[in-house]
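Q: Please take a close look at the interior of this structure and describe what is packed there. I would like to follow it step by step, with each term explained as it comes up.

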Amino acid sequence: MSRYFENMFSDEGVVDISPELFKSRIFTHIKKILKNFKPDEKNCDGGLYVGCAGVAYALYYLVKCGHFPEQSQSFLESAKSYISAALHHCSRKNTRPRNQVSFLLENGGVYAVAALIYKQTGELQKSEEYLQAYRELASQCEVVDFLEHGSDELFVGRAGYLMGVLLLQRDLQTEILPPKQLQHIFEKTLESGVRLRSRLQFDGNIPLMYSYYGTLYLGSGHGIAGILQVLLSFPSLLHRNPSAQDLIKTSVDFLLDLCLQEGNIATDLEEALTSSGRGKYLVHWCHGAAGVIYMFARAYIMFGRNEKYLNVCKLLADTVWRKGLLKKGPGICHGVAGSGYVFILMFRLTGEAKYLYRAERFASFMFTEQFQGGARTPDCPWSLFEGLSGTICFLNDLLNPETGEFPLLDVFVNELSI
Ligand SMILES: [Zn+2]
């Protein structure tokens, strides 16, 4: 059975985004989330990814974007209840310090979002307290293999932690870590990739490789694409270190060749090397075209707007257009909103209305009977990555697509400028 609904839309069309319609869709979803997913201890596992903290972030994001001035106070109050449940959960759980680093699943992301929310509510001392808690996790990930099963990817590893640093810097406009410490974590990530690559027996020209629970993932979720996207987001460290830049660029270009062959990327290296993926590879943010595209977008920004990176983005976006009406649900990790975000990215990169039209078509598809009757309900239907909390971020971003961004992972992020 196909993983996606066939895309019956014409490839191009008039962009029609009614703010009233989109706002009412967002309200309907928020009501459902607040009603069905209470800020309780039992809903806090899974951090930003599927726990209460992710709902808190979605509400914070809506307030920050400013399309709901009349509701911003009540959204913020709700955001506070969700983040405070998540913080309480962290304090009771007794997670090992090195596991607390995790940005998407554990304490790291919860502290980061708490710092953002309390800044927004004007509770500056609390904001500073959680910012400090985030800072203190840094020393844990300064050891190359600080985790047994992969220390570098976005969910639990250094890339996620570094992404949190960028998010906090951007929204709080303050230095999060001393530059030396940041550089150290950046270099440990490279060292880890070089070390693993040297142990692998295959002759592809890719000087970095990472594993997570023994699998050499290629995509955004647990894979090298997510890690490279983050490394590419620190231009000052790259400019200072030409050999690092070389390692990263060669790795990006290896993945680019894989994507050119298939219009997509395999879930892991073994799959890429042993089978033709035409039609088989996943088209998700976590694994596949809808995630790896951000890494190429970042490479395009970083490497002098070299057209080859933009061209591969266009190719991947076309794959998402054809195969991205996913039956797995409305979420951003492996659902229709995640596919839709690809077109917001492409609209921002190219300015072409075609992509905005495509984003709107995907958004509206989630409100059709075909989708509502035919898509599966995800395991965590209210959450940020699998459920409606991510969907509302996407719908919100269609109200102002010029600044729309995949939650927590801004590909256009600049280094700190105060
Ligand atoms: Zn996923």
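A: Contact, the term needed to begin, means heavy atoms within 4.5 Å. The model is predicted, so local features are used only at pLDDT of at least 70 and side-chain atom pairs only at pLDDT 80 or more, while totals for chains, interfaces and linings use all residues. Residues are numbered from 1 along each chain as its sequence is written, and side-chain values use heavy atoms, with hydrogens and water left out.

A good place to start is Leu 255, which, once its neighbours within four places in sequence are set aside, is in contact with Ile 206, Leu 218, Ile 224, Leu 228, Ile 265, Met 295 and Phe 296. Leu 255 is also one of the three residues, with Ile 83 and Phe 296, that touch the most other members of the largest nonpolar core, a set of 163 residues. A nonpolar core is a set of buried Ala, Val, Leu, Ile, Met, Phe, Trp, Tyr and Cys residues joined through side-chain atoms within 4.5 Å, where buried means under 20% relative accessible area with a 1.4 Å probe and protein chains only. At least three residues of this core come from each of domain 1 (1-36 + 325-410) and domain 2 (148-158 + 188-319).

Those two domains are the ones given by the domain assignment of the chain, and such bounds come from an automatic or database assignment. The C-alpha centres of domain 1 and domain 2 lie 25 Å apart, and their contact takes 20 residues from domain 1 and 19 residues from domain 2. Between them the domains bury about 1,700 Å², with 68% of it on carbon and sulfur atoms; buried area is the accessible area (1.4 Å probe) that two parts lose on being put together, summed over both. On the side of domain 1, Arg 3, Leu 349 and Leu 409 supply 29% of the area buried against domain 2, more than any other three residues.

A zinc ion marks another part of the interior. The zinc ion is coordinated by the SG atoms of Cys 286 and Cys 333 and by ND1 of His 334, at 1.9 to 2.2 Å, and these donors follow the spacing C-x46-C-H along the chain. The pair Cys 286 and His 334 links distant parts of the chain, 48 residues apart: Cys 286 is in the loop between helix H13 (269-274) and helix H14 (289-302), and His 334 is in the loop between helix H15 (307-323) and helix H16 (336-350). Donors here are N, O and S atoms within 2.8 Å of the metal (3.2 Å for Na, K and Ca), and sites may look incomplete because water is not among the atoms. Helices are DSSP runs of H or I with at least four residues, numbered from the N terminus.

Cys 286 is buried, with a relative accessible area of 8%, and His 334 is buried as well, at 13%. Gly 288 is found in the loop between H13 and H14 too, and it counts as buried because its relative accessibility is 0%. Apart from neighbours within four places in sequence, Gly 288 is in contact with Asn 264, Ile 265 and Leu 282. As for H16, 13 of its 15 residues are buried, so this helix is largely enclosed by the rest of the structure; H16 is followed by Gly 351, whose phi is positive, near 75 degrees.

Helix H3 can be read in a similar way: twelve of its 14 residues are buried, so H3 is largely enclosed. Among the buried residues of H3 are Cys 52, Tyr 57, Leu 59 and Val 63, and its buried residues pack against helix H1 (19-36), helix H2 (47-50), helix H4 (72-93), helix H6 (107-120), H8 and helix H19 (388-397). After H3 comes Gly 66, with a positive phi near 80 degrees. H8 itself has 14 of its 15 residues buried, so it too is largely enclosed by the rest of the structure, and Gln 173, which follows H8, has a positive phi near 50 degrees.

Finally, Leu 399 is found in the segment after H19, and it is buried, with a relative accessible area of 19%. Not counting residues up to four places away in sequence, Leu 399 touches Pro 19, Phe 22, Lys 23, Ile 26 and His 67.

Terms used:
Helices (H or I, at least four residues) and strands (E, at least two) are DSSP runs, numbered from the N terminus. Buried means under 20% relative accessible area, exposed over 50%, partly exposed in between (1.4 Å probe, protein chains only).
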